[in-house]
Amino acid sequence: MIGKYFDANGAHFAFTDRWGGVSAVPYEELNLGGAVGDDPEAVRTNRALAAGALGLDPARVVWMNQVHGADVAEVAGPWTDEAVPAVDGLVTAARGLALAVLTADCVPVLLADPVAGIVSAAHAGRPGMIAGVVPAAVEAMIGLGADPARIVARTGPAVCGRCYEVPEEMRAEVAKTEPAAWAETSWGTPAVDVVAGVHAQLERLGVTDRQASEVCTRESGDHYSYRRDRTTGRLAGYVWLTQEET
């Protein structure tokens with residue numbers, strides 16, 4: 001259920017895998033995405049199961065309406081279903097409020113400045129990485145008092161550069177914006193490495209405490225992959241601050 005968990009001075013980071021939920025084929029088991037065709041009741045149950053495994057109140061987990069853009073919303077508490085904004089980044093200074101990002105090959109980016117008490121979650125697929133959602137998330141954190149030198153960055157399971165095949169023209173276009181994303185598949189064709197692009201952007205922003213998941217979603221049967229399966233579920237990344245200041 002919880003594939004990876006990190007703790008850094010009162011900031012918490014977690015990434016799910018696909019097991020431990022109630023969704024049926026082709027979403028089995030722990031699909032956390034509410035817009036992929038799965039039974040809504042199964043998704044609600046899965047979100048409650050994942051939150052419970054992390055010691056979180058499901059009602060205090062904030063989700064996004066992700067659109068592969070670069071907009072970031074500041075949140076101070078849960079919002080109503082009607083008000084969920086179309087953004088690909090969230091930032092908060094509210095302790096105990098978990099920010100969540102959904103992925104199935106895109107890069108889930110979790111950021112925290114434990115000293116300033118600021119966290120952010122961002123959804124960085126190829127379009128969002130090019131659009132600048134990661135710099136936008138860091139800028140939003142700085143606006144609330146974060147220091148890039150203190151930011152802890154963790155990126156979760158995502159399709160790797162060896163598996164993300166694209167046309168040559170697309171690779172060249174991506175590399176114009178982010179040269180670090182230039183890649184080649186394991187079978188020798190043009191590819192894009194979004195994880196490398198995200199980490200290059202973070203490095204230029206002064207974020208040095210970074211770790212990337214070693215899991216490639218397209219290669220791992222324990223994770224959802226849109227490029228491999230098309231109709232499938234969504235993983236989630238969660239970031240939050242301990243309720244009480246440490």
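## Exercises on burial, pairing and packing

C106 is buried, at a relative accessible area of 17%; buried means under 20% relative accessible area, exposed over 50% and partly exposed in between, with a 1.4 Å probe and protein chains only. The model is predicted, so local features need pLDDT of at least 70 and side-chain atom pairs count only at pLDDT 80 or more, while totals for chains, interfaces and linings use all residues. Residues are numbered from 1 along each chain as its sequence is written, and side-chain values use heavy atoms, with hydrogens and water left out.

**Exercise 1.** Determine how many disulfides the structure holds, and why C106 and C163 form no bond to the closest cysteine sulfur.

*Solution.*
1. A disulfide is taken as a pair of cysteine sulfur atoms within 2.5 Å.
2. For C106, the closest cysteine sulfur is in C216 at 13 Å, which is too far for a bond.
3. For C163, the closest cysteine sulfur belongs to C160; the distance is 3.8 Å, again too far for a bond. C163 counts as buried, at 6% relative accessibility.
4. The count for the structure is zero disulfides.

**Exercise 2.** Describe the surroundings of strand β2 (residues 11–16).

*Solution.*
1. Helices (H or I, at least four residues) and strands (E, at least two) are DSSP runs, numbered from the N terminus. Two strands pair if DSSP finds at least two bridges between them.
2. Strand β1 (residues 2–8) pairs with β2 in the antiparallel sense over six bridges. Within this pairing, F15 of β2 stands opposite K4.
3. The hairpin of β1 and β2 has two residues between the strands, and N9 there takes a positive phi near 55 degrees.
4. Strand β13 (residues 235–241) runs antiparallel to β2 and is joined to it by five bridges. The bridge partner of A11 in β13 is L241.
5. In a regular strand, side chains alternate between the two faces of the sheet. In β2, A11, F13 and F15 point one way, H12, A14 and T16 point the other way, and all are buried.
6. Six of the six residues of β2 are buried, so the strand is largely enclosed by the rest of the structure.

**Exercise 3.** Find which residues of helix α4 (residues 168–177) are buried, and what they pack against.

*Solution.*
1. R171, V174 and A175 are the buried residues of α4.
2. Down the helix axis they fall within an arc of 100 degrees, so they line one face of α4; the arc is that of the directions from the helix axis to the C-beta atoms.
3. The face turned away from the buried side carries the exposed residues E169 and K176.
4. With contact defined as heavy atoms within 4.5 Å, the buried residues of α4 pack against α2 (126–131), β10 (182–184) and β11 (190–192).

**Exercise 4.** State where H199 is found and which residues H199 touches beyond four places in sequence.

*Solution.*
1. H199 is found in helix α5.
2. The relative accessible area of H199 is 12%, so this residue is buried.
3. Leaving out residues up to four places away in sequence, H199 touches T155, R210, Q211 and A212.
4. The side chains of H199 and R210 make a polar contact at 3.3 Å. A polar contact is a pair of N or O atoms within 3.5 Å; within protein, one must be able to donate a hydrogen and the other to accept it, and residues adjacent in sequence count only if both atoms are side-chain atoms.
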